[in-house]
There are 2 protein chains.
Amino acid sequence: MPQGPVIAVGPKPDPEFDAAITRGGGVPGPLAEASGLVWTDSRAVPEGIPDAVTWVQLPFAGVENFVGSGLLEEYPKVVFTSAAGAYAPTVAEQALAMLLAGVRGLWHREHSWDYLPAAGRTGRLGGSTVAIIGAGGIGRALIPQLRALGAMVIAVNRSGDDVPDAVVIPASRIDEVWPQVDHVIVAAPSTPETRALIDAGVLARLKPHSWVINVARGSLIDTDALVAALRAGTIGGAGLDVTDPEPLPAGHPLWSIPTAIVTPHVANPPQHLRPALLERVEVNVRRFGNGLTPLAVIDSGRGY
Amino acid sequence: MPQGPVIAVGPKPDPEFDAAITRGGGVPGPLAEASGLVWTDSRAVPEGIPDAVTWVQLPFAGVENFVGSGLLEEYPKVVFTSAAGAYAPTVAEQALAMLLAGVRGLWHREHSWDYLPAAGRTGRLGGSTVAIIGAGGIGRALIPQLRALGAMVIAVNRSGDDVPDAVVIPASRIDEVWPQVDHVIVAAPSTPETRALIDAGVLARLKPHSWVINVARGSLIDTDALVAALRAGTIGGAGLDVTDPEPLPAGHPLWSIPTAIVTPHVANPPQHLRPALLERVEVNVRRFGNGLTPLAVIDSGRGY
């Protein structure tokens, strides 16, 4: 029986990750003997990676901290993988929850039976058109969820490649998207070119009933412009699991605007992070051991 | 070309309903010449129905007011139909919105980034098991929506008949349901036997994270028992589009319990009621004209 690759876990020993490596056909072992490294700490950056290590699994889907540290340039021969996609279904669920809560009026905090109908804020998601900005794992997980509710989907990606059950508009033509949609879900990676993607100009082109949902990174939305639009009522509302700044400080206007639904970066609830990462480690160890490219290779040029 | 049946609209003339009748192949006309009657008023009960009228379309899915008035017994030869099923997808959407908002912590009203994770209230619907009490139109519309999110469904109906994509438990064995499920959606008709179906005993058998959603009628839940369970924190929360009493009076405890999400009977938003009813009238006029049984015949024995 062939021996699987030796995979180290760092920076600290972790029996659950060892077990995932074993399930994936690998052999948990010390870094000095390893050909792969599973890194479990989101704050520390791996250092002193031996030459024999050709693959490093990083622990999050959003890896801008690692990319920003220069890690990929320091080890150009190493394949770095993120956990992109592993958390996608649960993040997608948070986005859908926020969109539905917005459209269906669950944000109202008036202790009155008459408020919502009088305000004309009793909408329906079915039959509407939703833009998903970023057709990666989260966006692709959202599409069947939205379709099951009878919504149409316009997916925006960099490549313009086809996406099942969605109309694709490439990011280069994103200006064509805003007039066509009822709602916007931001699910794109944080990169220099997506910074403040949703700005005052975009918000001005949305509809008075439009909800803007962000489950990606706070930096993709211009917070001040969003607060202004919400206060002016020029859009329906915003559902934010990520904010800029983050954490959202006490006293920030987004806490008290009724049409802002804020959750504290919990689209991946902590209790679901670890099981999903363990599953991804198992899959990627198996791929690595079989000579296949592991899932979610980070492209240092793209930054994700 | 054969002449379609003459269908009257009452109690008041309504050109949009006349148009729906025409689209369905019927001929709008006075009650004295009609073989069918489309009744558009939810408060008044039709009176003096001529002998030639063999079909009456009532305007709502929940027809207990009409049934309670003795209308069906007064005209035993008339086929009465409700609008059951016509509003199902939009009601289902409200139920899903409330369940997701509950499970994903959108109900929290603390202006604090730390509250939800510290309270351990960051759940996920995917992977959970949801009981749908009542597998009529609303329940059946919910199943694919829940399945798209990765939830399992147990459907409870009177007949025990198969329901696609759900495990069916007949209402006679409903006590077996509670220990098996994470969440409960009440979507059953209001009848004497469903009164206070969710009572203190049922609530005590649910889980600390369980959400109870009601989009049917307020009478199906014992409100005092629900308030007690919410205050004690023995269930996760409740999403109520219908309440008992209704409207929910100002100052009622359900308005201020944070884990109670209340919307004012808007699962059928008013702007969506009329289009759905017009569509149902068109379909049923066509069925009536072709000698088929119209959709959603009311059984006076069942009460819906």
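A residue is taken here as buried if 20 or more other C-beta atoms lie within 10 Å of its own. By that yardstick A296(A) is buried, because 21 other C-beta atoms lie within 10 Å. The structure is a predicted model, and this alanine is a pleasant place to enter it. A296(A) sits in the segment that follows α10 of chain A, and its phi is near 65 degrees, a positive value in a residue other than glycine. The other chain offers its own example: A296(B) lies in the segment after α10 (270–289) of chain B and has a positive phi of about 65 degrees, although it is not a glycine. A296(B) also counts as buried, because it has 21 C-beta neighbours inside 10 Å.

A further backbone feature is found towards the start of the chains. The peptide bond from G10(A) to P11(A) is cis, with omega near 0 degrees; P11(A) belongs to the loop between β1 (6–10) and α1 (15–23) of chain A. In chain B, the bond from G10(B) to P11(B) is likewise cis, with omega near 0 degrees, and P11(B) is placed in the loop between β1 (6–10) and α1 (15–23) of chain B.

Turning to the sheet, chain A contains an open sheet of 7 strands, in the order β8-β7-β6-β9-β10-β11-β12, with parallel pairing. Its edges are formed by β8 (167–170) and β12 (260–262) of chain A, each of which pairs on one side only. On average, neighbouring strands of this sheet are turned by 15 degrees against each other, direction ignored.

Strand β9 of chain A is a good vantage point within this sheet, as its pairing can be followed on both sides. Towards one neighbour, 4 bridges join β6 (residues 129–133) of chain A to β9(A), and the two run parallel. Here A131(A) has V184(A) in β9(A) as its bridge partner. Towards the other neighbour, β9 (residues 183–186) and β10 (residues 211–214) of chain A pair in the parallel sense over 3 bridges. V184(A) appears again in this second pairing, with V212(A) as its bridge partner in β10(A). Further along, I185(A) stands opposite I213(A) in β10(A), and V186(A) has N214(A) as its bridge partner in that strand.

What covers these two strands can be read from their side chains. From β9(A), H183(A) and I185(A) point one way while V184(A) and V186(A) point the other way, and all are buried. Strand β10(A) is covered on both faces too: W211(A) and I213(A) on one side, and V212(A) and N214(A) on the other, are all buried. Helix α4 (residues 88–103) of chain A lies across β9, β10, β11 (237–240) and β12 of chain A, and runs at about 160 degrees to β10(A).

In soluble globular proteins, nonpolar side chains tend to be buried together. The largest nonpolar core of the model has 200 residues, and those with the most contacts inside it are I185(A) and I185(B). The surroundings of I185(B) show how this looks in chain B: leaving aside its neighbours within four places in sequence, I185(B) is in contact with A95(B), L99(B), V130(B), A131(B), I132(B), I133(B), L142(B) and I213(B).

How are the two chains arranged relative to each other? Two copies of a chain are related by a rotation about an axis and a shift along it. Here, chain A can be laid on chain B with an RMSD of 0.1 Å by a turn of 179 degrees and a shift of 0.0 Å along the axis. That is the relation of a two-fold axis. The same surface serves both copies, as 100% of the contact residues of chain A recur in chain B.

Across the interface, 40 residues of chain A are in contact with 40 residues of chain B. On the side of chain A that touches chain B, the elements giving two or more residues are α4, α5 (115–119), α6 (137–148), α9 (253–256) and α10 (270–289) of chain A. The most is given by α4(A), with 9 residues. This brings the account back to the helix that lies across β9, β10, β11 and β12 of chain A. By class, the side of chain A that touches chain B has 23 nonpolar, 13 polar and 4 charged residues.

Conventions: Residues are numbered from 1 along each chain as its sequence is written. Chains are lettered from A and ligands numbered from 1 in the order in which they are written. This is a predicted model: local features need pLDDT of at least 70, side-chain atom pairs count only at pLDDT 80 or more; totals for chains, interfaces and linings use all residues. Two strands pair if DSSP finds at least two bridges between them. Axes are lines fitted to C-alpha atoms, for helices over the stretch in contact, and angles run from 0 to 180 degrees between N-to-C directions. Two residues are in contact if their C-beta atoms, placed from the backbone, lie within 7 Å. Copies are superposed by least squares on the C-alpha atoms of residues with pLDDT of at least 70 in both. A nonpolar core is a set of buried Ala, Val, Leu, Ile, Met, Phe, Trp, Tyr and Cys residues joined through C-beta atoms within 7 Å. A residue is buried if 20 or more other C-beta atoms lie within 10 Å of its own, exposed if 12 or fewer, and partly exposed in between; C-beta atoms are placed from the backbone. Ala, Val, Leu, Ile, Met, Phe, Trp, Tyr, Cys and Pro count as nonpolar, Asp, Glu, Lys and Arg as charged, and the others, Gly among them, as polar.
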